[in-house]
Each structure stands twice: as C-alpha cells, then as structure tokens.
Amino acid sequence: MASSREHARLRSRMVDEQLRKRGIQDRRVLGAMNVLPRHQFVPDEHKPQSYEDRPLPIGDGQTISQPYIVAFMTENLRLKPHHKVLEIGTGSGYQTAILCHLADYVYSVERIPRLADLAGARIGDLGYRNLDIHVGDGSQGLPDQAPFDRIMVTAAVPRLPNVLCAQLSQFGGQLILPIGAAPAQELKLITRTADRFTTRNLLGCRFVPLIGRYGFDSKTDSTSFVS
Ligand code: SAM
C-alpha cells in the first residue's frame, strides 16, 4: 500500500501531466484535484492505478471517470462558491467530492444503492457536509430542489431531457451532459437565460448510459459504451 506522501506525489503528477499540459487552466479545479484523494474512491483491486489516465471499474458495470474528463467537465461548468449544484450519476463519489469542494451545496442522484452508500461514506469521511445523495432515477432531475445554478450528468442520455433544462436557474443556469449512443457521443453545455437555451458542443466522449425514464432502456448493454 502506497504512503500518503506517495499518493500526493502521484496526484501532483496527474495534475501536471494529464490536466495542465492538456489545457485545464482553472486554478480552483486544479487545486481541488490536487488535494482530493482519488485512490479512496477506487476499489482495492484497482488502487495501484488510481492516478492513471483512464476510467476504472467500480463494480455493478460502472466506472469512475478518467481524471481529465472530471477536470474538463468541472472547468466548463465555471462553478462559483455560492452555487447550488445537481449531479446525476454519483458513481464512486469522486466527482461529487470535487463539486462539494468548489460549490455551496450539491445534490447527487445515483440509481444503484450500493454505490450511493459507498460514495456518501467516502465523502463524509473526508469531512464534507454540504451534500445530499439520493437513490433513484436521476434522469428526471430533482424537481423539489430546483432551480439549480449548475447540473452535471455523468452518464450518456439519448437526447436532451427537457425536464432537466426546466430545472436550471433562469439566470445563466448551465447543464453539462454527454448525449448519444456509443461510440458517437458528444459532451454538450446548455446555458439558460430566461426561457432561452443555447447549446455548445464541447468534446467527443464515451460514457456509460444513463438508465431511466429520460435515459436509455435498462436492457442497454453498458459494456458497449465503455466510459
Ligand atoms: N463521475 C462518477 C465518478 O467519478 O465516479 C462516475 C459516474 S459513472 C460514469 C455513471 C453513473 O451513473 C453510474 O454510477 C450509474 O449507476 C449512474 N446512473 C445511470 N443511470 C442513472 C440514473 N437514471 N440516475 C442516477 N444515476 C444513474
């Protein structure tokens, strides 16, 4: 088992080589990824790969996303310390912890109870209290807690769910999400101003499917998506 000093060294190298050199510039995002212990979100059998440049399995056919994708999505959301955020697809909880570090309050929804429980325990152990993890179908958002300043979806949807757009703040609310079936997915950023929505295409990507009412069918084969 590597020491905490060794983990800090690997993390600092991850930030330099995988993030900064590829164009991630936001100092708050780089700072969060430099301090948050990604290895604590990775199952024991994959801990030695915790700071490698790739997604890793977390069980139940799901993955913890590649560090670059976590940084890229977070940077593009331009989070402010006062923001209220909705995340859909808690997974390991690593991205959730980054959001907790950078925003005021985070609601996160995960479909698989085991993952939600593990994520909640890990983030709690790190001392964050500004979050609420729900188990359920996040494709419908969390209408009771809306509006949100920012929404991040960490699994792919077949098309833009209007129900999520409607839960964005009217004052510059932003939603980032991957749209499309593998292998032709695109990461998009939606911005709301009053009742006007603009869309920006950011990056080609590969995420596991969001399974739910406004997502893919539960019979969809996750392995064909490879996040
Ligand atoms: N960002 C996460 C991390 O750092 O570990 C990885 C998220 S993983 C790529 C996508 C997650 O979305 C999986 O945990 C999956 O169970 C979850 N998911 C799929 N469909 C969902 C739904 N309808 N509602 C909530 N979560 C869902």
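A residue counts as buried when its relative accessible area is under 20%, as exposed when that area is over 50%, and as partly exposed in between. In the predicted model described here, this division applies clearly to helix H4, where Tyr 94, Gln 95, Thr 96, Ala 97, Ile 98, Leu 99, Cys 100 and Leu 102 are buried. Because eight of the nine residues of H4 are buried, the helix is largely enclosed by the rest of the structure. Leu 99, which lies in this helix, has a relative accessible area of 0% and is therefore buried. The C-alpha atoms of Leu 99 and Leu 10 are 21 Å apart in space, and the two residues are 89 positions apart in sequence.

Helix H4, residues 94-102, also takes part in the surroundings of the ligand. The space that the ligand takes is the largest cavity. Together with H4, the elements that give two or more residues to the shell around the ligand are S2 and strand S4, residues 105-110. Of the contributing elements, S2 gives the most, with three residues. The shell comprises 27 residues in total, and the closest are Ser 92, Glu 110, Asp 137, Gly 138 and Ile 211. Sorted by class, ten residues of the shell are nonpolar, 14 are polar and three are charged.

Polar contacts to the ligand involve both side-chain and backbone atoms of the protein. In the side chain of Ser 92, a polar atom lies 2.6 Å from an oxygen atom of the ligand. For Glu 110, an N or O atom of the side chain is 2.6 Å from an oxygen atom of the ligand. At Gly 138 the contact is made by the backbone, where an N or O atom lies 2.8 Å from a nitrogen atom of the ligand. The ligand taken alone exposes 600 Å², and 100% of that area is buried by the protein.

Two further buried residues carry polar or charged side chains. Gln 18 is found in helix H1, which covers residues 4-19. With a relative accessible area of 10%, Gln 18 falls under the 20% limit and so counts as buried. A polar atom of the Gln 18 side chain lies 2.8 Å from the backbone oxygen of Tyr 51. Arg 150 belongs to strand S6. The relative accessible area of Arg 150 is 8%, so this residue is also classed as buried. Arg 150 and Val 106 are 44 residues apart in sequence, and their C-alpha atoms are 9.6 Å apart in space.

Outside the buried regions, Asp 217 lies in the segment after strand S9, residues 196-205. Asp 217 is partly exposed because its relative accessible area is 45%, which lies between the limits of 20% and 50%. The C-alpha atom of Asp 217 is separated by 9.9 Å from that of Pro 158, a residue 59 positions away along the chain.

Several loops show backbone geometry that departs from the usual pattern. Most residues other than glycine have a negative phi, and most peptide bonds are trans. Asp 60, which is not a glycine, has a positive phi of about 55°. This residue is found in the loop between strand S1, residues 56-59, and strand S2, residues 62-64. The relative accessibility of Asp 60 is 43%, so the residue counts as partly exposed. Arg 78 likewise has a positive phi, near 45°, in a residue other than glycine. The loop that holds Arg 78 runs between helix H3, residues 67-77, and strand S3, residues 84-88. Arg 78 has a relative accessible area of 48% and is therefore partly exposed.

Cis peptide bonds are found before two proline residues. The bond from Ala 146 to Pro 147 is cis, with omega near 5°. Pro 147 is placed in the loop between strand S5, residues 131-135, and strand S6, residues 150-153. A cis peptide bond also joins Ala 182 and Pro 183, with omega of about 0°. The loop between strand S7, residues 171-179, and strand S8, residues 185-193, contains Pro 183.

Methods
Residues numbered from 1 in each chain as written. Predicted model: local features only at pLDDT ≥ 70, side-chain atom pairs only at ≥ 80, totals over all residues. Heavy atoms only, no water. Helix = DSSP H or I, 4+ residues; strand = E, 2+ residues; numbered from the N terminus. Buried < 20%, exposed > 50% of the residue type's maximum accessible area, 1.4 Å probe, protein only. Near = heavy atom within 4 Å. Polar contact = N/O pair within 3.5 Å; in protein donor to acceptor, adjacent residues only side chain to side chain. Areas by Shrake-Rupley, 256 points an atom, 1.4 Å probe, with all protein chains shown as cover. 1 Å grid on protein atoms, 1.4 Å probe; cavity = no way out; pocket = protein on both sides within 12 Å on 5 of 7 lines; lining within 4 Å. Sits in = over half its atoms within 2 Å of the grid points. Nonpolar A, V, L, I, M, F, W, Y, C, P; charged D, E, K, R; others polar.
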